[in-house]
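Welcome! Take a moment to turn the structure around before reading on. This short report then walks through a few places worth finding.

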Amino acid sequence: MGCAFCRDGKSQTEDKSETQVQDSKPQDKANPPSIYPPPQKSQIRTKLDEELDLPSVPIIDPVQAFNQCGSLEFFAEIMQHYKEQYSKRTIFTHFQDRNWEQLGLEAHSLKGASANLFILQIQKICLACEKAGKAYHKQLESNQSVTKEEIERVFVLLEILEEAYQRFEKEVNEILRNPPAEFNS
């Protein structure tokens with residue numbers, strides 16, 4: 001099975017002149033191949049973890065989300081729709097294709113949907129992806145290259161996004177099994 005970021009289990013890297021495809025062992029979504037060796041990837045991850053500060057941000061604010069939806073049934077329906085839309089996302093394909101403009105637009109769309117439903121961690125991660133996509137697109141438009149380090153940063157952001165989505169799914173399932181008292185008022 002190929003990873004969430006690559007087609008057919010192949011990892012892509014980019015240098016200043018062209019995109020090169022390197023074969024890698026097929027990976028699952030939780031452990032996609034990296035462009036850089038683990039120590040450098042680990043440093044990027046540590047820096048992003050500090051910047052995003054996700055532990056201080058709830059995955060979802062269920063009370064606000066419920067207030068937005070009005071009923072437990074509609075909350076469940078909207079969360080299911082969000083999951084279906086997330087599963088159709090193309091942000092990983094845009095990363096693979098190095099289509100920074102579309103990656104930024106896709107991140108913007110997912111950020112907005114997440115904000116409307118108070119899915120706060122995904123909203124925050126998508127903001128970082130959107131900013132990177134827009135910045136890298138502008139770099140290319142002004143004939144500047146996107147560095148391997150910048151590509152790896154987005155790659156790690158997308159890993160963090162996928163991890164946050166997995167936490168979101170678990171939390172929503174728990175909310176639906178055991179709704180907070182505010183859902184019954």
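## Helix H3 and its two sides

The model shown here is predicted. A good place to begin is helix H3, which runs through residues 72-87 and has 16 residues. From its first C-alpha to its last, H3 reaches 22 Å, close to the 22 Å expected at 1.5 Å a residue.

Which residues of H3 are buried? They are Phe 75, Met 79, Tyr 82, Lys 83 and Tyr 86. These residues cover an arc of only 100 degrees around the axis, so they sit on the same side of H3. On the other side of H3 you will find Glu 73 and Glu 77, which are exposed.

What covers the buried residues of H3? The cover includes helix H2 (62-69), helix H4 (91-97), helix H5 (100-116), helix H6 (120-141) and helix H7 (148-177).

## Leu 72 and its contacts

Now look at Leu 72, which lies in helix H3. Leu 72 is partly exposed, with a relative accessible area of 23%, a value that falls between the 20% limit for buried and the 50% limit for exposed.

Leaving aside neighbours within four places in sequence, Leu 72 is in contact with Phe 66, Leu 176, Pro 179 and Phe 183. Pro 179 makes a nice example of a partner from elsewhere in the chain: Leu 72 and Pro 179 are 107 residues apart in sequence, yet their C-alpha atoms are 8.0 Å apart in space.

## Two cysteines without a disulfide

A disulfide is a covalent bond between the sulfur atoms of two cysteines. How many disulfides are counted here? The count comes to zero.

Cys 126 is in no disulfide, and the nearest cysteine sulfur, that of Cys 129, is 5.8 Å away. Cys 129 is likewise in no disulfide, its nearest cysteine sulfur being that of Cys 126, 5.8 Å away. A disulfide needs the two sulfur atoms within 2.5 Å, so this pair does not count as one. As for their surroundings, Cys 126 is buried at 0% relative accessibility, and Cys 129 is buried with a relative accessible area of 0%.

## Salt bridges

Side chains of opposite charge can pair when their charged atoms come close. A search of the whole structure finds eight salt bridges, and three of them are easy to visit in turn.

Start with Arg 45 and Asp 49, whose side chains meet in a salt bridge at 3.1 Å, N to O. Both residues lie in helix H1 (residues 38-52), four residues apart, about one turn of the helix. Arg 45 is partly exposed at 24% relative accessibility, and Asp 49 is partly exposed with a relative accessible area of 34%. Arg 45 also meets Glu 163 in a salt bridge, at 2.6 Å, N to O. This pair links distant parts of the chain, with Arg 45 in helix H1 and Glu 163 in helix H7, 118 residues apart. Glu 163 is partly exposed too, at 28% relative accessibility.

The next stop is helix H6, where Glu 130 forms a salt bridge with Lys 134, the closest N and O atoms being 3.0 Å apart. Glu 130 and Lys 134 are four residues apart, which means that about one helical turn separates them. Is each of these partners buried or exposed, or something in between? Glu 130 is buried, with a relative accessible area of 4%, whereas Lys 134 is partly exposed at 45%. Returning to the earlier trio, salt bridges that share partners join Arg 45, Asp 49 and Glu 163 into one network.

Technical notes. Residues numbered from 1 in each chain as written. Predicted model: local features only at pLDDT ≥ 70, side-chain atom pairs only at ≥ 80, totals over all residues. Heavy atoms only, no water. Helix = DSSP H or I, 4+ residues; strand = E, 2+ residues; numbered from the N terminus. Expected span 1.5 Å × (residues − 1). Buried < 20%, exposed > 50% of the residue type's maximum accessible area, 1.4 Å probe, protein only. Arc of directions from axis to C-beta. Contact = heavy atoms within 4.5 Å. Salt bridge = Lys/Arg side-chain N within 4 Å of Asp/Glu carboxyl O.
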